[in-house]
Amino acid sequence: MSSPNPPIKRIAISTGGGDAPGLNAVIRAVTLSALNRGWECYGIRDGYNGLLMPEQYVEGGIMRLTRERVRGITHLGGTIIGTTNRGNPMKFPIKNPGGTFEEVDRTDELVRAFRMHSIDALIVVGGDGSLAIANVLAKKGMRVVGVPKTIDNDLDRTVITFGFDTAVGFATECLDRLHTTAASHRRIIVVEVMGRYAGWIALNCGVSGSADVILIPEIPYDLHKVVPKIHEREQQGGDFTIVVVAEGAKPVGGAVSVVEREVGRAERLGGVGEKVAHELAALTGKEARVVVLGHLLRGGSPTTFDRLLALRFGAAAVRALEEGRSGVMVALNPPKVDYVPLEEASGRMKVVPLDNDSLLTARDLGICFGD
Ligand code: F6P
C-alpha cells in the first residue's frame with residue numbers, strides 16, 4: 001500500500017491572476033530550492049491552462065524548470081511560465097453551441113492531470129482567487145502551498161505582498177513628474193492607479209508623492225468636498241492640484257466604474273479618473289487632465305524589497321513542503337515568514353482601516369479624501 005505522503009520527487013509551480021513584479025524571483029527560488037533537494041520542478045503554463053487545455057501549447061502545457069531556465073530572471077517583471085485571470089478551474093467557462101456560456105467545475109480533472117504528470121506537490125502563486133482554488137485542490141488531497149501575490153496588497157493574512165513596493169515606488173515617481181507640468185499649466189491632474197477593493201497603492205503613493213486629494217474605495221467620495229480644497233490651494237498660492245484615485249473608488253451612493261463584464265472573470269474596472277477629472281473641471285472651471293497608470297504599475301523590475309520578499313516566499317514554500325505542510329500559505333509576519341491555513345487566507349480582503357496611520361498622516365498634512 002502506498003503511504004499517504006510518499007517522498008517528494010517532483011513539484012510544480014503555477015502563477016495565476018494579474019502578474020506582479022517578483023513572480024520570476026519566486027519561480028527562481030522555488031526551482032533552485034527544489035533542485036537543491038534533488039527534486040524536479042515544473043512550471044504549469046498560464047495558471048492551470050497548461051493542464052486543462054494542453055492542446056493549445058505546441059511545446060507542452062508544462063515546462064521543466066532547470067537551473068539554466070531560471071538563470072538571470074530575479075530582476076525581470078512578468079512571469080516566465082505565464083499567467084491568466086481567466087479559466088478558473090472551479091468555474092471554467094465552456095461555450096455552448098448556441099453561443100451562451102456555462103461554468104463547469106474542472107478541479108477533479110485537474111487533480112487527475114497532476115497525478116498523470118506524477119506531480120507530488122504544487123506551489124500556487126496568486127491572489128485571492130488563485131488561493132481559493134489552491135484551497136480546493138488541497139481539500140481534494142493534493143499537497144499544496146500558496147504564495148500570496150498582488151500589487152494591490154489586499155490579502156489579509158500577510159503584512160505585505162511582493163509587487164506592492166514596486167508599484168508604489170513607480171506611482172510616486174510619476175506623481176513627482178506630474179507636479180511640474182501641473183504647476184506650469186495651473187491644471188488639475190487626476191492620476192488613476194490600480195486598487196480594485198483596497199486603496200493601499202493610492203494612499204501610499206499619494207502621501208509619499210504629495211498629492212492634494214486621494215480617493216480610495218474605502219471612503220466614498222463627494223467631489224463637492226474636493227472643490228474647497230482646490231480653492232484653498234489657490235488662496236495659498238498653489239494654483240494646481242494633484243488628485244490620486246484608485247480604480248475601485250466610487251462616489252457616495254454610486255457604483256464603481258466598470259469597463260467590461262465577461263463570463264469567467266472579474267469585471268474590468270476603469271474610467272473613474274476620467275469621470276473625476278471631467279466633474280472637477282465642470283465644478284471649478286479649471287483645466288483637468290487624466291493619467292491612467294494602470295498596467296504600468298505591474299511592469300518593470302521589482303525593487304530590492306520585492307525581490308527579497310519574493311525569494312523568501314519561494315524558498316519558504318519549498319521548506320513547507322519538505323516539512324510535510326500542505327493547505328497553507330506563506331505569509332510575512334516580520335521578522336519571520338510564517339505559514340497560515342489557506343482556508344483563512346482566501347476570501348478576506350485587507351482594506352485600508354479608517355484609523356490607518358498613513359491615512360491619519362495624510363489628513364494631518366491636509367490631504368483631502370473627498371469626505
Ligand atoms: O492585480 C490586481 C489588479 O491589479 C487590479 O487592481 C485590477 O483591477 C486588475 O488587476 C486588472 O487586471 P487585468 O487588466 O489584467 O484584468
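This report describes three parts of a predicted model: a helix, a pair of packed helices and a cysteine.

## Helix α9

Helix α9 covers residues 304-322, a run of 19 residues. From its first C-alpha to its last, α9 reaches 27 Å, close to the 27 Å expected at 1.5 Å a residue. Just after α9, G324 takes a positive phi of about 85°.

The buried residues of α9 are D306, L309, A310, F313, G314, A315, A316, A317, V318, A320 and L321. In an α-helix, residues three or four places apart point the same way, because there are 3.6 residues a turn.

## The packing of α5 and α6

Helix α5 spans residues 164-185 and helix α6 spans residues 200-208. The two pack with their axes 9 Å apart, at an angle of about 45°. Helices α5 and α6 are therefore oblique to each other, and α5 passes α6 in a right-handed crossing.

On the α5 side, the contact involves F164, A167, V168, A171, T172 and L175. These residues meet W200, I201, N204, C205, G206 and S208 in α6. By class, the contact has eight nonpolar and four polar residues, with no charged ones.

## The surroundings of C368

C368 is found in the segment after α11, the helix of residues 357-364. With a relative accessible area of 10%, C368 counts as buried, because this value is under 20%.

C368 and V226 are 142 residues apart along the chain, yet their C-alpha atoms are separated by 6.7 Å. Leaving aside residues up to four places away in sequence, C368 touches D212, V213, I214, K225, V226 and K229.

Note on methods
Residues numbered from 1 in each chain as written. Predicted model: local features only at pLDDT ≥ 70, side-chain atom pairs only at ≥ 80, totals over all residues. Heavy atoms only, no water. Helix = DSSP H or I, 4+ residues; strand = E, 2+ residues; numbered from the N terminus. Expected span 1.5 Å × (residues − 1). Buried < 20%, exposed > 50% of the residue type's maximum accessible area, 1.4 Å probe, protein only. Axes fitted to C-alpha atoms, helices over the stretch in contact; angles between N-to-C directions. Parallel < 35°, antiparallel > 145°, perpendicular 65-115°, else oblique. Left-handed = near helix turned anticlockwise from the far one by under 90°. Contact = heavy atoms within 4.5 Å. Nonpolar A, V, L, I, M, F, W, Y, C, P; charged D, E, K, R; others polar.
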